[in-house]
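Colleague: I am new to this one and would love a short tour. Could we go through it together, one question at a time?

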Amino acid sequence: MIANILDTIGNTPLIAIPNTNRANEGQVLFKYERSNPGGSIKDRPALYIVQEAERRGWLKPGGTIIESSSGNFGISLAMIGAARGYRVIILADPKTTDANLALIKGFGAEVIVVTEQDDSGSYHKTRIALANKLAREIKHAYRPDQCFNLLNSEAHFHSTAREIMAACPGGIAAFVTAVSTGGQLGGISSYMKTYAPEVRIIGVDAAGSTVFGGQAEAYRIPGIGLSWTPVNLNLADIDCAYKITDAQAFLAARAFARHEGILMGPSSGACALVALKLAQELEPGQKVVCMVSDGGERYIQTLFNDGWMAEQGFAIDADVESVRATARLLRPWSLRPADHANYRPDLIRSLDVPETTLNMNAETSKRPLHR
Ligand SMILES: Cc1ncc(COP(=O)(O)O)c(C=O)c1O
């Protein structure tokens, strides 16, 4: 028997994709995070940060959790709030899907939809600034602050990265994941550079996002991207970065559902294409581990809605050979991501990052993973 739903977070499976991945190339393995109870990888940092806040007395029974999230992190916090008895307020934006809003509310959390765009045309900064303001105004409120809190990447250092390495005793050749707050890419890359430096670390961003530099443009892939380089990500640990277009990411996610029976969101479709490309250049027996950060149900009205896909001008279905050909044609955005760093220390002040985050980071940053 499992005592509490939160005890089922983590220990997700690694899954091969035999219909798309050929036997004469490297082997792609999906780390399937939909198996977490909240349906995504974000259950891990959400629980890790809440537990630390409880230990420090920043979050007490009856307290309120306030966070900026367009989806997965908000759903995870809403689930944790329901299980632990906290009030949860999530600041979402017009890009947040109805399915995500319904899930957040289903767990009993409150939602505020922020409609004011920031200077990059996205909602990240306006959402964060309002969350910080509310956290100051509401009594007994705690801000997990996934974007600036280094505990986000630390959660993945201690859980996700260890699980991957333990499941692959023969080692892995490459690791691929998407980036937004940098939690997963930052924490896992730091672990691998420390304990398995031979692994090539590949970051995947949306074309139009500027985590790895470049020109900001609107994009549709949910959950991915940011208009600066997040503090949770040390670009010196990243060997190569790709930028994937909306059309490629959505089409790939649909193809893996249809040809492998694996549901995933568009950010994972983007990563899966890159993983397939790397595998095509590797030998049999060499492994490429690719994060699949969430499942497909969250995108039922978009990714899996033929009418919506057609409205965006995205192709609806691709056979295995054209997915493999798309992967083969991908070219890295950067082979030296650290040269394009866009860290923004000024945001700490302009967005009023909370004291709890700054105090926590002063401690966390001395730990080995944030070297
Ligand atoms: C579906 C999905 N993929 C990828 C990411 C990026 O993860 P991170 O914020 O750890 O960089 C997120 C973040 O919200 C996400 O929801």
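Colleague: Which side chain does Asp93 join in a polar contact of 2.5 Å?

Modeller: Keep in mind that this is a predicted model. Asp93 sits in the loop between strand E4 (87–92) and helix H3 (98–106). Its side chain makes a polar contact, with 2.5 Å between the partners, and the other side chain is that of Arg127.

Colleague: Thanks! Is Asp93 buried or exposed?

Modeller: The cut-off to use here is a relative accessible area under 20% for buried residues. Asp93 has a relative accessible area of 5%, so this residue counts as buried.

Colleague: Let's turn to the ligand. Which residues come nearest to the ligand?

Modeller: There are 14 residues around the ligand. By type, this shell divides into three nonpolar, nine polar and two charged residues. Those that come nearest are Lys42, Asn72, Ser180, Thr181 and Ser267.

Colleague: Which side chain has an N or O atom 2.7 Å from a nitrogen atom of the ligand?

Modeller: Two other side chains face oxygen atoms of the ligand: Lys42 has a polar atom 2.7 Å from one, and Thr181 has a polar atom 2.6 Å from an oxygen. For the ligand nitrogen, the side chain to look at is that of Ser267.

Colleague: And how much of the ligand's accessible area does the protein cover?

Modeller: On its own, the ligand has 390 Å² of accessible area. The space it takes is the largest cavity. Of that accessible area, the protein covers 95%.

Colleague: Nice. Now the backbone: what is the phi of Asp145 near?

Modeller: Most residues other than glycine have a negative phi. Asp145, in the loop between strand E6 (141–142) and helix H5 (151–158), has a positive value instead. Its phi is near 60°.

Colleague: Where is Asp352, which has a positive phi too?

Modeller: The phi of Asp352 is near 60°, and this residue is not a glycine. To find Asp352, look in the loop between helix H12 (346–350) and helix H13 (355–364).

Colleague: One last thing: what does Asp352 count as, by relative accessibility?

Modeller: Let's start with Asp145, which has 1% relative accessibility and so counts as buried. Partly exposed residues fall between the 20% and 50% cut-offs. Asp352 is at 41% relative accessibility, so this residue counts as partly exposed.

How values were computed. Residues are numbered from 1 along each chain as its sequence is written. This is a predicted model: local features need pLDDT of at least 70, side-chain atom pairs count only at pLDDT 80 or more; totals for chains, interfaces and linings use all residues. Side-chain values use heavy atoms; hydrogens and water are left out. A residue is near a molecule or strand if one of its heavy atoms lies within 4 Å of it. A polar contact is a pair of N or O atoms within 3.5 Å; within protein, one must be able to donate a hydrogen and the other to accept it, and residues adjacent in sequence count only if both atoms are side-chain atoms. Accessible areas come from the Shrake-Rupley method with a 1.4 Å probe; for residues, only the protein chains shown count as cover. On a 1 Å grid over the protein atoms alone, a cavity is a set of points where a 1.4 Å probe fits but cannot get out, and a pocket is an open set with protein on both sides within 12 Å along at least five of seven lines; lining residues have an atom within 4 Å of a point. A molecule sits in a cavity or pocket if more than half of its atoms lie within 2 Å of its grid points. Ala, Val, Leu, Ile, Met, Phe, Trp, Tyr, Cys and Pro count as nonpolar, Asp, Glu, Lys and Arg as charged, and the others, Gly among them, as polar. Helices (H or I, at least four residues) and strands (E, at least two) are DSSP runs, numbered from the N terminus. Buried means under 20% relative accessible area, exposed over 50%, partly exposed in between (1.4 Å probe, protein chains only).
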